[in-house]
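Here is a short walk through one structure. Keep the sequence and the model side by side as you read.

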Amino acid sequence: MATQARIGQAVLGVLMIGCALTGLFPRPVPLLFAIAAMGTANAAFPVMRTFGSALLGGVAASSIALSSVPFVTCSTERFTEVFTCTGDAPTWHLTGTVLVAGLSGASLVLARITVQ
């Protein structure tokens with residue numbers, strides 16, 4: 001079971017890195033993917049499992065918190081430096097943050113399975 005969980009974490013880590021590098025997501029979503037990939041890599045090792053799990057939980061919570069922010073802030077000109085507000089950027093931002101939260105949650109579950 002532990003080997004299958006580690007393989008699953010490796011697949012999730014590759015997906016996160018791929019989304020960070022090649023995704024169409026506006027900033028700061030690629031940064032969330034990169035941090036989640038780092039948490040997944042740390043959660044795969046027994047010594048760093050607590051730090052990796054905490055990092056994954058934090059990324060999942062922060063991505064959910066950030067998911068609707070561009071829809072609110074893009075209605076004013078004040079916050080355009082923080083979030084990209086052109087075209088479909090708010091929709092891609094929402095999609096990216098939901099993907100980050102889902103992949104982080106899945107990796108967190110796999111990290112908890114490996115503990116047992």
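Helix α3 has 18 residues, which at 1.5 Å a residue should span 26 Å. Its end C-alpha atoms lie 25 Å apart, so the two values agree. Keep in mind that this is a predicted model.

Now look at which parts of α3 are covered. The buried residues are Arg49, Gly52, Ser53, Leu55, Leu56, Val59, Ala60 and Ser63. Seen down the axis of α3, they fall within an arc of 160 degrees, so they line one face of the helix. The other side of α3 carries the exposed residues Thr50, Ala54 and Ala65.

Take one residue from the buried face. Ser53 sits in α3. Its relative accessible area is 9%, and buried means under 20%, so Ser53 counts as buried. What does Ser53 touch, leaving aside residues up to four places away in sequence? The partners are Ala43, Leu108, Ala111 and Arg112.

Step back to the whole chain. The secondary structure consists of five helices and zero strands. Along the sequence the pattern reads α-α-α-α-α. The chain has 116 residues, and 38% of them count as buried. Its accessible surface comes to about 6400 Å². Carbon and sulfur atoms make up 72% of that surface. Consider the contacts between residues at least 6 apart in sequence: 67% of them join residues at least 24 apart.

Next comes helix α1, residues 2–22. This helix has 21 residues. From first C-alpha to last, α1 reaches 30 Å, close to the 30 Å expected at 1.5 Å a residue. Its buried residues are Ala5, Gly8, Gln9, Leu12, Gly13, Met16 and Cys19. They cover an arc of only 140 degrees around the axis, which puts them on the same side of α1. The face turned away from that buried side holds the exposed residues Thr3, Gln4, Ile7, Val14, Leu21 and Thr22.

Where do the nonpolar residues gather? The largest nonpolar core has 17 residues. Met16, Phe33 and Val100 have the most contacts inside this core. Four helices each supply at least two of its residues: α1, α2 (29–43), α3 (49–66) and α5 (89–115). Helix α2 gives the most, with six residues.

Val100 shows how such contacts reach across the chain. Not counting residues up to four places away in sequence, Val100 touches Val29, Leu32, Phe33, Val59 and Ser63. Val59 and Ser63 were met above, among the buried residues of α3.

A second serine is worth a look. Ser107 belongs to helix α5. Is Ser107 buried or exposed? Its relative accessible area is 0%, so Ser107 is buried. Outside the residues up to four places away in sequence, Ser107 touches Gln9, Leu12, Met16, Thr40 and Leu56. Gln9, Leu12 and Met16 are also among the buried residues of α1, while Leu56 is one of those in α3.

Finally, consider how confident the prediction is. The mean pLDDT of the chain is 83. Of its residues, 90% reach 70 or more. Which element has the lowest mean pLDDT, and which the highest? Helix α4, residues 69–73, has the lowest at 76. Helix α2 has the highest at 90. Helix α2 is also the one that gives the most residues to the largest nonpolar core.

Methods. Residues are numbered from 1 along each chain as its sequence is written. This is a predicted model: local features need pLDDT of at least 70, side-chain atom pairs count only at pLDDT 80 or more; totals for chains, interfaces and linings use all residues. Side-chain values use heavy atoms; hydrogens and water are left out. The expected span of a helix is 1.5 Å times one less than its number of residues. Buried means under 20% relative accessible area, exposed over 50%, partly exposed in between (1.4 Å probe, protein chains only). The arc is that of the directions from the helix axis to the C-beta atoms. A nonpolar core is a set of buried Ala, Val, Leu, Ile, Met, Phe, Trp, Tyr and Cys residues joined through side-chain atoms within 4.5 Å. Contact means heavy atoms within 4.5 Å. Accessible areas come from the Shrake-Rupley method with a 1.4 Å probe; for residues, only the protein chains shown count as cover. pLDDT is the predictor's confidence in each residue, from 0 to 100.
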